[in-house]
Amino acid sequence: MTIEEAAKHGDVGIWYNGYDRDDFGTGWFWEVNCGYQSWGSHDYYDDPMKALESLKTFLETWTGPTK
């Protein structure tokens, strides 16, 4: 699925976490939010392009929300 197709199901974004909560670290991450369900990267990335590539890899097999 492309980012454009995923966006028809909800919000797709790449964000920067600058606050180190609970020792998770800081950096770029991606999220797909479909209201009742959401998915996000488990890692933080130093570069937003790395987060984008991770998102695209996730979307290759994602079929959309199940609810």
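In the predicted model, Asn 17 lies in strand E1, which spans residues 11–17. With a relative accessibility of 7%, Asn 17 counts as buried, because the limit for that class is under 20%. The side chain of Asn 17 places a polar atom 3.1 Å from the backbone oxygen of Gly 25. When neighbours within four places in sequence are left aside, the contacts of Asn 17 are Gly 25, Thr 26, Gly 27, Phe 29 and Tyr 44. One of these residues, Gly 27, is also the bridge partner of Asn 17 in strand E2.

Two of the residues in contact with Asn 17, Phe 29 and Tyr 44, are themselves joined as an aromatic pair. Their rings meet edge-to-face, at 5.7 Å centre to centre and with 80° between the planes. This pair links distant parts of the chain, with Phe 29 in strand E2 (residues 27–33) and Tyr 44 in the loop between strand E3 (38–40) and helix H2 (48–61). The two residues are 15 residues apart. Unlike Asn 17, which is buried, Phe 29 is partly exposed, with a relative accessible area of 22%. Tyr 44 is also partly exposed, at 31%.

The strands that carry these residues belong to an open sheet of 3 strands in the order E1-E2-E3, with antiparallel pairing. Because E1 and E3 stand at the edges and have a single partner strand each, one side of each is left without a neighbour in the sheet. From one strand to the next, the twist averages 25°. The antiparallel pairing of E1 with E2 extends over 7 bridges, and that of E2 with E3 over 3 bridges. Along the latter pairing, the bridge partner of Glu 31 is Gly 40 in E3, while Val 32 stands opposite Trp 39. The hairpin of E2 and E3 has 4 residues between the strands, and within this hairpin Gly 35 takes a positive phi near 85°.

Helix H2 packs on the sheet and touches E1, E2 and E3. The direction of H2 makes about 30° with that of E2. Both elements contribute to the largest nonpolar core, which comprises 8 residues: Ala 6, Trp 30, Val 32, Cys 34, Leu 52, Leu 55, Leu 59 and Trp 62. E2 and H2 each supply at least two residues of this core, and the largest share, 3 residues, comes from H2. In soluble globular proteins, nonpolar side chains tend to be buried together.

Several members of the core take part in further contacts. Ala 6 touches Met 1, Val 12, Leu 59 and Trp 62, not counting residues up to four places away in sequence; of these, Leu 59 and Trp 62 also belong to the core. Trp 62 is in addition part of an aromatic cluster with Trp 30, Trp 39 and Phe 58. Trp 30, like Trp 62, is listed in the core as well as in the cluster. Trp 39, another member of the cluster, is the residue of E3 that stands opposite Val 32, and Val 32 is itself a core residue. In total, the structure holds 5 aromatic pairs, including the edge-to-face pair of Phe 29 and Tyr 44.

How values were computed:
Residues are numbered from 1 along each chain as its sequence is written. This is a predicted model: local features need pLDDT of at least 70, side-chain atom pairs count only at pLDDT 80 or more; totals for chains, interfaces and linings use all residues. Side-chain values use heavy atoms; hydrogens and water are left out. Rings of Phe, Tyr and Trp (its six-membered ring) pair if their centres lie within 6.5 Å; planes under 30 degrees apart count as stacked, over 60 as edge-to-face and the rest as tilted. Buried means under 20% relative accessible area, exposed over 50%, partly exposed in between (1.4 Å probe, protein chains only). Two strands pair if DSSP finds at least two bridges between them. Axes are lines fitted to C-alpha atoms, for helices over the stretch in contact, and angles run from 0 to 180 degrees between N-to-C directions. Contact means heavy atoms within 4.5 Å. A nonpolar core is a set of buried Ala, Val, Leu, Ile, Met, Phe, Trp, Tyr and Cys residues joined through side-chain atoms within 4.5 Å. A polar contact is a pair of N or O atoms within 3.5 Å; within protein, one must be able to donate a hydrogen and the other to accept it, and residues adjacent in sequence count only if both atoms are side-chain atoms.
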